[in-house]
2 protein chains.
Amino acid sequence: MTQSTPAHLTPRKRPRQARAKATLEAIFQATTQVLIAEGPYRLTTTRVAERAGVSIGSMYQYFPHKQALFYALNENYLDALAGRITAACQAQSGASIEQMVAALVNAYWQAKMERPEVTRALYRSVAELDNQALIASFAARVDAAALTMFASANDASFADLTAVNLTLIHCVFGTVRSVFERNLPPQEALTIRDHLMMMCVAYLRSVSDRSPVYNTQK
Amino acid sequence: MTQSTPAHLTPRKRPRQARAKATLEAIFQATTQVLIAEGPYRLTTTRVAERAGVSIGSMYQYFPHKQALFYALNENYLDALAGRITAACQAQSGASIEQMVAALVNAYWQAKMERPEVTRALYRSVAELDNQALIASFAARVDAAALTMFASANDASFADLTAVNLTLIHCVFGTVRSVFERNLPPQEALTIRDHLMMMCVAYLRSVSDRSPVYNTQK
DNA sequence: ACCTGAACACCGTTCAAGT
DNA sequence: ACCTGAACACCGTTCAAGT
């Protein structure tokens, strides 16, 4: 998962002793805490070290610079997120496209909405980084899981599955993020979520080989 | 357009004399240049002032802090973008939903892809800010323009136009941004763009009151 | 192997002095 | 009304000294 991480963002070394592991864990936790409590703007190495109860020098033994710390934090987060989405996809093997779409949307939606401040703060902290590798590795895992899922649909099949899958993934994730960032009143947001599902289903039906009744091609 | 800007991000004062206007313009241009040439990480007040040929003190007469400068820059950008999209929408009054969707997707796509480094750099510079007001004001303009456009469609009409419009807007903008950020090979990106259009059309047909042939409701 | 914290370079921001 | 730039507080990062 971390193969293509840019060299300058790689951790300096891995902890070997127990106390080192504790140090690293404390640093990660402190970073999240400072991020939530004080915001991305006040997230300084000094404050993180202080909150973690370690010296500033300790931090720099593991991370070559501040950015690498944020990078690692986001990597952890995206790894967990990809795991959840992959699991949701696997659970829908052989189901209908409607069920699949609902599962995919809900998995991502829930993950983002569970702790909105964390989502927002993490996102801010990584936006200024070179996050291409993070995105690519997350996307690769999710792409694969969704592809397998949709290939197993019991009520549709697709000639150009790869393109269909890519479109759907970007649509679901892009739309959910867009709604999330706009911070709409909950009821309105939920309406869009439901419409998003309808939209995905309408699309999948329109490009499916089966059920020509729903084929909207002119 | 700037009514709801948070007080702490408001410019300190407006230029009244000609030389002051020139100073402000130089600062904006220098900011963009430094952003592109050196990246968001090296975008410092010192460098901007140096490149603009003004003293650091001059900058602080107009902006209470660095963030306010970035905020203003993004405001300008989003204002222009909203203008382009609004124009594209107006040009499609009375057209088919297919034409409308294509116009909307293309307008946003082109704006983002024209100068990708600028798009990316600007986005990074604003991510760490409190950008809710920026998003809200941009969204309000685009929402209104798209709503008017879709209400005039010659081949569809919608009972819940507001929800349909919101969904479509978020889907188009979210998906395009998602694709943009992933940095896919151009050919693949274009395929998704075309599928995105198909998706939007399939959705609009499925929720339209007219053309029951395309209604996919069970 | 891991931790410490004084020291240094640089950045954001101010403000008294100028025109 | 507008501009200047030395001065200050704070931040990121290093490194010699420790256990």
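Let's start at DNA strand C. In this predicted model, 25 residues surround that strand. Which of them come nearest? They are R16(A), Q17(A), T23(A), T45(B) and Y60(B). So much for the residues; now the DNA side. Of the strand C atoms that come within 4 Å of the protein, 71% are sugar and phosphate.

Here are some individual contacts. In T23(A), a side-chain N or O atom sits 2.2 Å from a phosphate oxygen of strand C. For Q17(A), a polar backbone atom is 2.7 Å from a phosphate oxygen of that strand. Chain B reaches strand C as well. R47(B) places a side-chain N or O atom 3.0 Å from a phosphate oxygen.

Which elements give two or more residues to this surface? From chain A, they are α1, residues 18-38, and α3. From chain B, they are α2, residues 45-52, and α3. The most comes from α3(A), with 5 residues. By class, the surface near strand C has 9 nonpolar, 10 polar and 6 charged residues.

Now turn to DNA strand D. This strand has 25 residues around it. The closest are R16(B), Q17(B) and T23(B), along with T45(A) and Y60(A). Sugar or phosphate holds 70% of the strand D atoms within 4 Å of the protein, and bases hold the rest.

Again, some single contacts. A polar side-chain atom of T23(B) is 2.3 Å from a phosphate oxygen of strand D. S55(B) uses a polar backbone atom, 2.8 Å from a phosphate oxygen. Q61(B) reaches a base instead. One of its polar side-chain atoms lies 3.4 Å from a base nitrogen of strand D.

Where do the residues near strand D come from? Chain A supplies at least two each from α2 (45-52) and α3 (56-62). Chain B does so from α1 (18-38) and α3 (56-62). The top contributor is α3(B), with 5 residues. In this surface, 9 residues are nonpolar, 10 polar and 6 charged.

Next, the protein–protein contact. Chain A puts in 48 residues, and chain B puts in 48. Between them they bury about 4,300 Å². Carbon and sulfur atoms carry 57% of that area. On the chain B side, H170(B), R182(B) and M199(B) lose the most area to chain A. Together they make up 17% of what that side buries.

How many salt bridges cross this interface? There are 4. One of them joins E181(A) and R177(B), at 2.9 Å from N to O. Polar contacts link 15 residue pairs between the two chains, counting residues at pLDDT 80 or more.

Stay on the chain B side. The elements giving two or more residues are α6 (116-127), α7 (132-151), α8 (161-182) and α9 (186-207). The largest share is from α8(B), with 14 residues. That side of chain B has 22 nonpolar, 13 polar and 13 charged residues.

Last topic: aromatic rings. Over all chains, the whole structure has 6 aromatic pairs. One is formed by Y108(A) and F173(A), and it is stacked. Their centres are 4.2 Å apart, with 25 degrees between the planes. Why does this pair tie together parts 65 residues apart in sequence? Because Y108(A) lies in helix α5 of chain A, residues 97-114, while F173(A) lies in helix α8 of chain A, residues 161-182.

Notes:
Residues are numbered from 1 along each chain as its sequence is written. Chains are lettered from A and ligands numbered from 1 in the order in which they are written. Side-chain values use heavy atoms; hydrogens and water are left out. A residue is near a molecule or strand if one of its heavy atoms lies within 4 Å of it. A polar contact is a pair of N or O atoms within 3.5 Å; within protein, one must be able to donate a hydrogen and the other to accept it, and residues adjacent in sequence count only if both atoms are side-chain atoms. Helices (H or I, at least four residues) and strands (E, at least two) are DSSP runs, numbered from the N terminus. Ala, Val, Leu, Ile, Met, Phe, Trp, Tyr, Cys and Pro count as nonpolar, Asp, Glu, Lys and Arg as charged, and the others, Gly among them, as polar. Contact means heavy atoms within 4.5 Å. Buried area is the accessible area (1.4 Å probe) that two parts lose on being put together, summed over both. A salt bridge is a side-chain nitrogen of Lys or Arg within 4 Å of a carboxyl oxygen of Asp or Glu. Rings of Phe, Tyr and Trp (its six-membered ring) pair if their centres lie within 6.5 Å; planes under 30 degrees apart count as stacked, over 60 as edge-to-face and the rest as tilted.
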